[in-house]
Amino acid sequence: MHTHWHLRDADELAREHGVDPALGLDDAEAALRAVRHGPNEIAAGAQRTPAALLLEQFKDFMILVLLGAAVVSGFIGDLVDTLAIIVIVLLNALIGFVQAWRADRALAALQQLAAARATVLRGGQRQVLPASRLVPGDIVLLEAGNQVPADLRLIEIAQLRIDESALTGESVVVDKHVRTLSEAAAALGDRLNMAFKGTTAAHGRGTGLVVATGMATELGKVAGLLDRAGTLQTPLQQRLAAFGKRLALVVLAICALIFAIGVLRGEPPVLMALTALSLAVAAIPESLPAVVTVLLALGARRMVAQHALVRRLPSVETLGSVSTICSDKTGTLTLNRMHAERVVAEGAARDETLRAAALCNDAQRGGDGAWQGDPTETALAELAAEGGVDAGALALGLPRVAELPFDAERKRMSTLHQGDEAFVLYTKGAPESLLPRCSARWSAEGTLAIDHDAAMRQAETLAAQGLRVLAFARRDLCDADLGAGADLVERDLALIGLVALIDPPRPEAEAAVRDCLTAGITPVMITGDHPATARAIAQRLGIVADAHASVLTGAMLAAMDDAELRARCAQVRVYARVDPAQKIRIVEALQSLGRFVAMTGDGVNDAPALKRADIGVAMGRGGTDVAREAASLVLLDDNFATIVAAVREGRRIYDNIRKFVRYAMTGNSGEIWTLFLAPMLGLPIPLLPIHILWVNLVTDGLPGLALAAEPAERGVMKRPPRASGESLFAGGLWQHVLFIGLLIGALCLGVQAWALATGHAHWQTMVFTVLTFAQMAHVMAVRSEREPLWRQGLLSNLPLLGAVLLTFVLQLATIYLPVLQPIFKTEALDADELLICFGAAAVVYLAAEGEKRWRRHLTKRSEQALATAGKQAE
């Protein structure tokens, strides 16, 4: 279907659509077209039922492993563990169900953006109809405040300006005209003879021919992109899925081996089966999903206090993996309101420029004292007020008696004012339009000669810096008759000065960009705005180093294949004049380079890329519902700096998940080594099934969950993001699990062998106690991967300290309370035996701290070597 409507003549299009613009379609023809084209609605897409959404949550491999563990626990009679596992699984399923349901609402929000009613010509009569009944060929009448109900090729306009920020990302309202354009690849924001569905008429009125409805509109194309942009698995989900599969296979193999060895040694098959099954339950950290959920939920709660709302819990951790942040400019990095940046005029001319800005202006003060109206005019009114000009008093002294309104063809606006002795005409407009009509420069002493070339060079220099430049001029007239027309009245003007405006960067955005760079995160700007404006804002924020940085435009991008785009994406930091589909291409190109991409934005045009990115971040105040529904994270204060706090929280959470995995897997490793090596060393089975399940319950439970409260490591924002393919066990974690787990097993078996050799009857209780105490000592040592415990302080994580003390008390209760001794098959230990158990735990703590000290030494040596190499290179 032809979509380059902006290249077609309006009258030709009307004939092609079989409609007279003065009469519109008749009802019979409109009904036929409605059957052919369908309703003017955004398609809802295939809706997943709540039951299907819930069922999807049980397909994760780790969840299936946990359900298997629950069955095993029930088989061996441990109903408490069975119930705990089922509760954990149901909790995760509920959270996943809510997240999926919220994601499905994104398209529904896009449907609501369409206009509910539209004014059309049908059979020569004005009718107000539901917008869903519009068909191609309808003639739509627009007025200020109307939402555009379909894609229109404009036929007639009267000073029509349209706010397209939600669709294109541009903060400045667009002046429309009806002339035929010639550039086929023009961006949506440059198709000035079109009005697009979902945008809003901000000023004036117009008449347009409906050329596209429903999913054929530009808004419909965004909906199509949003529907196709699948939701990616987060790095955490990918790592946990891989971890769960490997762990289950390894554990099952080890348990089968232990069972076989025990039976071959003559142990009772039933006992060995129960031991192997108990070990299978204990070795799989069923509390891992619960710990992850608690960590993410607590992180989400902390982030709400920092003005960030998490819509998908795994996204909290994903922020810690982000290596590239693609940010929309308008409303995200900037304030989304125009601001007068500079006045090019001196002395009396400057004062007169401010007077002209106040008088040649339709902005009005609202009830709250703020200026209301066109963003450019409100910025000029604010400039005049800041310069000491009282617009109200000035208007009383120089009342407006006539005006020549702004239009897109003249690119000028003039107002005529009654002075004491004569009339004064003030004119503002684009420099290329106004300067040729100036014959002099204004000064308080009279007119001066004007250098047109110098004035235009000034304007072009400012425009090259991304500023929108307006020129101001005046002329004295003898009468108030403007009937001669703009061409005759707006001549022989005296140039007063230039005013440069810009949508300024947010005050906190520069520091946020700097923090991102320090954290090894690359900020990238993707906008629908002009290249010069995008580069200027990027340079101010520090995204690019200088005014000569490369900017990739939508037209350039459209001419590239995917391989060429990938190569450019590795270097380019600013993209301008891009459409929604191109934003997705940029995100996908960055992802193909191994980047984890966050996309921030607030407009409808951002929604598909928000969903396609590894994490989408939407604006809560100024953003659209469509963007918020498609995003994983919503910034409640629309503050780009909030994302830095979110990244910090994400890194803290991932660190704490690694700490839990380090702790839990080391403990499980110690249990496996103890049971695996005992028969090989000729020792009896050291633990009963009840012992294994108890250790699993008290050590993986509260102490593991309490790691969620661990504060962020020092320097967490001074290290680069994790590599995209980094394993959960990277950075020496698996070596730690193996080494410390083997040490725990050796200590347990050493205590067992010593007790048997010296005739101590309580050997099994001692092994049981060493295993529990050693894991408590270990959890205190792994609170940091680098810092020693004494530097962190015992009181810096009170929940963990309380959980460890409680576990000690519970373990002692199983040993010394007569009511519990028959249940746990324990006997009271004497002081020497208990002291040996504490001593074995202390060895584990010292070994873990010694490993951290060794790693600190290696890091220091590596840093010194890099510093030496750097000096030699200089």
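In this predicted model, E490 is buried, with a relative accessible area of 0%. The partner of this residue is R412, which forms a salt bridge with E490 in which the closest N and O atoms are 2.7 Å apart. Because R412 belongs to strand β14 (residues 412-418), whereas E490 is found in the loop between α18 (486-489) and β18 (493-502), the pair ties together parts of the chain that are 78 residues apart in sequence. R412 is itself buried, its relative accessible area being 6%, and since the limit for a buried residue is under 20% relative accessible area, the value of 0% places E490 in that class as well.

The setting of this pair is a protein chain of 874 residues, of which 56% count as buried. The secondary structure of the chain comes to 34 helices and 24 strands, and the accessible surface amounts to about 35900 Å², with 59% of that area belonging to carbon and sulfur atoms. Among the contacts in the chain with a separation of 6 or more, 73% are accounted for by residues that stand 24 or more positions apart.

A search of the whole structure finds 36 salt bridges, and one of them joins R577 to D190, with the closest N and O atoms 2.3 Å apart. This pair links distant parts of the chain, for R577 is in the loop between β21 (574-576) and α23 (580-592), while D190 is in the loop between β5 and β6 (194-195), and the two residues are 387 residues apart. R577 counts as buried at 11% relative accessibility, whereas D190, at 28%, counts as partly exposed.

A further salt bridge is formed between R33 and E29, the closest N and O atoms again being given, here as 2.7 Å apart. Both residues lie in helix α2 (residues 27-37), where they are four residues apart, or about one turn of the helix. R33 is buried, with a relative accessible area of 8%, while E29 is partly exposed, with a value of 25%. Elsewhere, salt bridges are linked into a network that consists of E352, R355, R474 and D476.

Strand β5 (residues 174-175) includes V174, a residue that is buried, with a relative accessible area of 7%. When the neighbours within four places in sequence are left aside, V174 is in contact with L160, R161, I162, E164, G189 and L192. For the last of these residues the separation is also available along the chain, since V174 and L192 are 18 residues apart in sequence and, from C-alpha to C-alpha, 7.5 Å apart in space.

Helix α32 (residues 798-816) has 19 residues, which at 1.5 Å a residue should span 27 Å, and the end C-alpha atoms are 27 Å apart, so the expected span and the model agree. The N-terminal end of α32 is capped by N797, a side-chain oxygen of which lies 3.2 Å from the backbone nitrogen of L800. L800 is also among the buried residues of α32, together with A803, V804, T807, F808, Q811, A813, T814 and I815.

Two residues stand out by their backbone angles. Most residues other than glycine have a negative phi. Q159, however, has a positive phi of about 55° although it is not a glycine; the residue is placed in strand β4 (residues 151-163) and counts as partly exposed at 29% relative accessibility. H307, which is likewise a residue other than glycine, has a positive phi near 70°. The position of H307 is in the loop between α10 (288-305) and β8, and with a relative accessible area of 41% this residue is partly exposed.

Strand β8 (residues 308-310) includes L309, which is partly exposed, with a relative accessible area of 35%. On the surface, L309 forms a nonpolar patch with V304 and L636, and together the three residues have about 210 Å² of accessible area. Because a residue enters such a patch only with over 30% relative accessible area, the value of 35% for L309 is in keeping with its membership.

Note on methods. Residues numbered from 1 in each chain as written. Predicted model: local features only at pLDDT ≥ 70, side-chain atom pairs only at ≥ 80, totals over all residues. Heavy atoms only, no water. Patch = residues over 30% accessible without salt bridge, like charges linked within 9 Å, V, L, I, M, F, W, Y side chains within 5 Å. Areas by Shrake-Rupley, 256 points an atom, 1.4 Å probe, with all protein chains shown as cover. Salt bridge = Lys/Arg side-chain N within 4 Å of Asp/Glu carboxyl O. Buried < 20%, exposed > 50% of the residue type's maximum accessible area, 1.4 Å probe, protein only. Contact = heavy atoms within 4.5 Å. Expected span 1.5 Å × (residues − 1). Polar contact = N/O pair within 3.5 Å; in protein donor to acceptor, adjacent residues only side chain to side chain.
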